[in-house]
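Hello,

Here is the structure I said I would pass on. My notes follow below it.

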Amino acid sequence: MQFSLIEGIRNSCCEWEEQVTDDHKKVRASFIFQEDFDGFKGHFPDMPILPGIAQLSMIRVIAEKSVDQQLQPKAYTHTKFKSVVNPGEQVFVSMELWKEDGCQGTFTIEKEAGEFVSSGRFEYEYVEGDET
């Protein structure tokens with residue numbers, strides 16, 4: 001299921017914007033997850049919502065695309081989930097990341113009207129010899 005979840009996340013990206021500075025990157029991306037997205041299966045059958053693991057996987061997909069390398073999660077901290085994402089809703093991810101001793105940064109996910117969905121910090125390790 002993980003492969004189809006990751007592929008589904010990649011295929012659900014609508015917009016991508018990246019700003020690079022000397023010491024970090026700022027990324028803003030938007031996603032729309034349709035009702036047939038694998039992440040909705042079983043969560044919950046009568047009222048599908050985007051699970052937290054899918055939201056964290058979305059952060060990993062963005063980070064991998066931004067650094068053009070496969071990443072392995074090391075830690076997620078200060079993670080808060082405040083609102084649900086339903087099928088067909090557009091969400092916007094804002095991320096800042098630094099490439100020091102791995103890949104680390106912060107993220108915020110919001111809905112179109114600015115409603116807060118989730119936020120947190122992440123730290124990934126580079127997977128040796130793999131590129132996305």
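Just after H2, Asp 68 takes a positive phi of about 55°. Helices (H or I, at least four residues) and strands (E, at least two) are DSSP runs, numbered from the N terminus.

Some ground rules. This is a predicted model, where local features need pLDDT of at least 70, side-chain atom pairs count only at pLDDT 80 or more, and totals for chains, interfaces and linings use all residues. Residues are numbered from 1 along each chain as its sequence is written, and side-chain values use heavy atoms, with hydrogens and water left out.

Now the helix. H2 covers residues 52–67, and 13 of its 16 residues are buried, so the rest of the structure largely encloses it. Buried means under 20% relative accessible area (1.4 Å probe, protein chains only).

Next, the sheet. It is open, with 6 strands in the order S1-S2-S4-S5-S6-S3 and antiparallel pairing. S1 (13–20) and S3 (71–81) are the edge strands; each has a single partner strand, so one side of each has no neighbour in the sheet. From one strand to the next, the twist averages 20°. Two strands pair if DSSP finds at least two bridges between them.

S1 and S2 (residues 25–32) are antiparallel and joined by 7 bridges. They form a hairpin with 4 residues between them. Glu 15 has Ser 30 of S2 as its bridge partner. For Glu 18, the bridge partner in S2 is Val 27. S2 also runs antiparallel to S4, with 8 bridges. There, Lys 25 stands opposite Leu 97 in S4.

Best wishes

Note on methods: Expected span 1.5 Å × (residues − 1). Buried < 20%, exposed > 50% of the residue type's maximum accessible area, 1.4 Å probe, protein only. Axes fitted to C-alpha atoms, helices over the stretch in contact; angles between N-to-C directions.
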